[in-house]
Amino acid sequence: MSAVGLQLVCVAGLLGLAVLAIALSRGKHATAIIYGATMVISLAALAGSLRWLLGGAPNATVLTLPIGLPWLGAHFRMDALAGF
């Protein structure tokens with residue numbers, strides 16, 4: 001998986017956890033579950049960024065998603081600043 005793809009999957013996972021947190025808000029163990037899952041997703045995003053920053057991946061990773069205006073799409077790019 002590319003660096004940009006990993007970051008987008010992590011963002012989607014965090015958004016999914018927000019919905020799960022609402023559903024589990026009354027449970028006894030909800031805090032531990034949500035914080036634990038958030039930590040795992042954040043560590044995966046950190047590992048992907050560090051791998052990219054330390055040179056384990058190509059210099060620039062680009063991902064184009066077919067969302068937005070039909071002829072433009074959404075362009076995501078991982079460069080040094082985005083990785084940092």
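How much accessible surface does the chain have, and what share of it belongs to carbon and sulfur atoms? The accessible surface comes to about 6100 Å², and 73% of that belongs to carbon and sulfur atoms (Shrake-Rupley method, 1.4 Å probe; for residues, only the protein chains shown count as cover).

This is a predicted model, in which local features need pLDDT of at least 70, side-chain atom pairs count only at pLDDT 80 or more, and totals for chains, interfaces and linings use all residues. Residues are numbered from 1 along each chain as its sequence is written, and side-chain values use heavy atoms, leaving out hydrogens and water.

**View 1. Helix H2, residues 30–53.** Helices are DSSP runs of H or I with at least four residues, and strands are runs of E with at least two, numbered from the N terminus. The end C-alpha atoms of H2 are 34 Å apart, which agrees with the 34 Å expected for 24 residues at 1.5 Å a residue (1.5 Å times one less than the number of residues).

**View 2. Buried residues of H2.** Ala30, Ile34, Ile41, Ala45, Gly48, Ser49 and Trp52 are buried (under 20% relative accessible area; exposed is over 50%, partly exposed in between; 1.4 Å probe, protein chains only). Leu46, also in H2, is partly exposed, at a relative accessible area of 45%.

**View 3. The end of H2.** Gly55, just after H2, takes a positive phi of about 95°.

**View 4. Strand E1, residues 61–65.** Among the elements of the chain, E1 has the lowest mean pLDDT, 61, and H2 the highest, 90 (pLDDT is the predictor's confidence in each residue, from 0 to 100).
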